Every structure is written in structure tokens, then in C-alpha cells.
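Work through these exercises with the sequence and the model side by side. Try each task before you read its solution.

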Amino acid sequence: MFINDRKILFIPLKKDRTSKYLCTILHKEVTTKYIQMKFFIDTANLDQIQEAQALGILDGVTTNPSLMAKEGITGQPNIINHYKAICELVEGDVSAEVIATDFDGMVKEGEALAALNPQIVVKLPMIKDGIKACKYFSSKGIKTNVTLVFSAGQALLAAKAGATYVSPFIGRLDDISTDGLNLISEIRLIYDNYGFETQILAASVRHTMHIIDCAKLGSDVMTGPLSAIEGLLKHPLTDIGLAKFLADYKKGN
Ligand code: E4P
């Protein structure tokens with residue numbers, strides 16, 4: 001059978017390796033065709049969020065306690081108000097990180113954050129109680145982002161716990177002379193092998209080439225600073241070409 005010029009195979013639901021393999025191939029074809037890479041901005045700075053939003057390419061925002069502190073946002077009421085302000089600026093998902101490190105604390109904090117706005121994604125650290133909390137939130141339909149992920153094994157656990165997003169920190173791995181992008185490839189392979197729906201959110205993106213490499217490797221999302229996103233715009237031949245076009249236009253007008 002053909003749908004939109006693509007051949008669709010119907011595979012009998014048998015528990016043998018052949019059927020499982022064919023299903024995996026089909027899943028890859030479908031995801032490759034229909035899912036676009038998302039761009040998140042990694043900041044708590046409202047001006048920068050607004051600027052990225054105005055560009056028309058923003059799909060969401062990620063924050064963390066360090067980024068909030070950098071903007072001078074301290075104290076629970078101010079932090080809550082800041083998340084609300086971010087949600088008003090953008091349409092997509094806004095990751096808000098819990099401070100608690102025990103299951104009960106993470107659940108309490110995460111539920112309060114999720115109640116602020118349906119855009120809020122509860123960001124949980126990649127620790128034992130974080131995984132338990134992730135499972136708890138995913139069973140309740142609350143979006144999660146498992147953060148501080150530095151290995152394929154951690155990413156596998158996050159997917160098993162039903163995380164909406166997993167955040168491998170590629171820049172911090174590069175910082176310690178370990179290939180951050182290789183981790184994206186490993187996670188992509190593992191998730192595709194089993195059809196895990198957890199989205200790979202490449203975090204700790206430091207520059208424009210990180211974004212391009214993540215796109216090549218099939219990362220579902222990247223979160224980076226405005227400078228890295230704006231770097232995608234730039235090419236000297238574009239500037240030279242535009243200057244020439246405008247100069248030539250002026251000659252005849
Ligand atoms: C985002 O979710 C992460 O917290 C962030 O990307 C970490 O980036 P950094 O390593 O540049 O601090």
C-alpha cells in the first residue's frame with residue numbers, strides 16, 4: 001500500500017527478531033520525514049528571549065538555577081514570577097528546574113511549577129530520586145526534562161522513566177576533552193533501536209557549529225545562547241553579495 005508516495009508495509013505482530021527489525025526501520029522512516037528540529041534558547045534573560053522569539057524560529061526556553069542567578073532572580077516569589085513572564089513571551093515549552101534533590105521535594109516543587117502554566121516542563125536532575133520523580137510525572141502526563149546527562153546509560157534510564165526530554169550536556173563534555181557530539185550519536189542510536197519517544201535535547205551548546213552538528217546527528221532539539229543561534233545567519237559572501245546588489249541598484253536609480 002502507498003500513502004503520500006511512500007510504501008507502507010504491514011508487518012504481522014510476531015515476537016521474532018525479523019518483525020521487530022522491520023518495525024524499527026519503519027519508525028526511522030516516519031520520524032525522519034515528519035519531525036523538525038526544535039530550537040530552544042538557553043537563558044533566563046527576557047530581552048534575549050524576546051529577540052529570539054521575534055526572529056520567528058523559537059520553539060521554547062531552557063533555564064537552570066545558574067541562569068536565573070545570572071539575571072539576579074532570587075527568592076521563590078521572584079523565580080515564580082520570572083517563569084510566568086517567560087511563558088508569556090514564548091509559545092513553546094519552558095524548562096523550569098527543581099532545587100530539591102529528594103523524591104518528595106521534587107514532586108512538591110515540580111507540581112507547583114507545572115501548575116503555573118501548561119508550557120512548563122519540570123526539569124529534574126539525573127540522580128536516583130530524579131528518575132523516580134520523572135516516572136511519577138510522566139505517569140501523570142506532566143512534561144519532564146532530565147538534565148545533567150553525560151552518558152548513554154543515563155539517557156537510557158531517562159527514556160525508560162518516560163522523560164519528555166533528555167538533556168545531554170555536550171559543551172561540558174567537550175570541556176573535559178570528551179566528544180560531546182558522540183554522546184548525541186549514541187543516544188540517537190539507542191532511542192531509534194527501540195522507538196523511545198523521549199526527545200534528545202542537546203544542551204550546553206556553546207557555538208554555532210554545535211547546532212549544525214546536532215542537526216546532522218538527528219538531535220530532536222538544541223538549546224543554546226542567542227549568539228550561537230544568530231551565528232547561523234552569518235556568511236561573509238552573503239554580506240559581500242548584498243552590498244554589491246545594493247550598490248548596483250543605486251547605480252541605475
Ligand atoms: C540547559 O538546559 C542546561 O542547563 C545548559 O545548557 C547548561 O549549559 P552550560 O554548560 O553552558 O552551563
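The exercises below start at the ligand and move outward.

This is a predicted model, in which local features need pLDDT of at least 70, side-chain atom pairs count only at pLDDT 80 or more, and totals for chains, interfaces and linings use all residues. Residues are numbered from 1 along each chain as its sequence is written, and side-chain values use heavy atoms, with hydrogens and water left out.

**Exercise 1. The ligand shell**

Task: List the residues that surround the ligand, and divide them into nonpolar, polar and charged.

Solution.
Step 1. Take every residue with a heavy atom within 4 Å of the ligand. The shell is D42, T62, N64, K123, F169, R172, A203, S204 and R206.
Step 2. Apply the classes: Ala, Val, Leu, Ile, Met, Phe, Trp, Tyr, Cys and Pro are nonpolar; Asp, Glu, Lys and Arg are charged; the others, Gly among them, are polar.
Step 3. Read off the split: two nonpolar, three polar and four charged.

**Exercise 2. Polar atoms at the ligand**

Task: Find how far the polar side-chain atoms of D42, K123 and R172 lie from an oxygen atom of the ligand.

Solution.
Step 1. Look for polar contacts, that is, pairs of N or O atoms within 3.5 Å (within protein, one must be able to donate a hydrogen and the other to accept it, and residues adjacent in sequence count only if both atoms are side-chain atoms).
Step 2. For D42, the distance from a polar side-chain atom to a ligand oxygen is 2.5 Å.
Step 3. For K123, the corresponding value is 2.6 Å. For R172, it is 2.7 Å.
Step 4. Now consider cover. On its own, the ligand has 340 Å² of accessible area, and the protein covers 86% of that. Such areas come from the Shrake-Rupley method with a 1.4 Å probe; for residues, only the protein chains shown count as cover.

**Exercise 3. From the shell to strand β10**

Task: Place T223, then trace its polar partners.

Solution.
Step 1. T223 is in strand β10, residues 221-224. Helices (H or I, at least four residues) and strands (E, at least two) are DSSP runs, numbered from the N terminus.
Step 2. Is T223 buried or exposed? It is buried, because its relative accessible area is 1%. The cut-offs are under 20% for buried and over 50% for exposed, with partly exposed in between (1.4 Å probe, protein chains only).
Step 3. The side chain of T223 makes a polar contact with the side chain of T62, at 2.5 Å. T62 also belongs to the ligand's surroundings.
Step 4. A polar side-chain atom of T223 lies 3.4 Å from the backbone nitrogen of D42. D42 is another of the residues around the ligand.

**Exercise 4. Two serines with positive phi**

Task: Place S177 and S204, and say which is buried and which is exposed.

Solution.
Step 1. Phi of S177 is near 60°, a positive value in a residue other than glycine. Phi of S204 is also near 60°.
Step 2. S177 sits in the loop between α8 (170-175) and α9. S204 sits in the loop between β9 and α10 (208-217).
Step 3. S177 counts as exposed because its relative accessibility is 72%. S204 counts as buried because its value is 9%.
Step 4. Tie this back to the ligand: S204 is one of the residues that surround it.

**Exercise 5. Around strand β9**

Task: Describe the settings of T198, P168 and G218.

Solution.
Step 1. T198 lies in the loop between α9 (180-194) and β9 (199-202). At 5% relative accessibility, T198 is therefore buried. A polar atom of its side chain is 2.7 Å from the backbone oxygen of A163.
Step 2. P168 belongs to strand β8, residues 165-168. With 0% relative accessibility, P168 is buried too. P168 and L201 are 33 residues apart in sequence, yet 6.8 Å apart in space, C-alpha to C-alpha.
Step 3. G218 is in the loop between α10 and β10. Its relative accessible area of 28% makes G218 partly exposed. G218 and I200 are separated by 18 residues in sequence and by 8.6 Å from C-alpha to C-alpha.

**Exercise 6. Helix α2**

Task: Compare the exposure of Q53 and E51.

Solution.
Step 1. Q53 lies in helix α2, residues 46-55. E51 is in helix α2 as well.
Step 2. Q53 is partly exposed at 24%. E51 is partly exposed at 43%.
Step 3. E51 and L226 are 175 residues apart in sequence and 8.4 Å apart in space, C-alpha to C-alpha.
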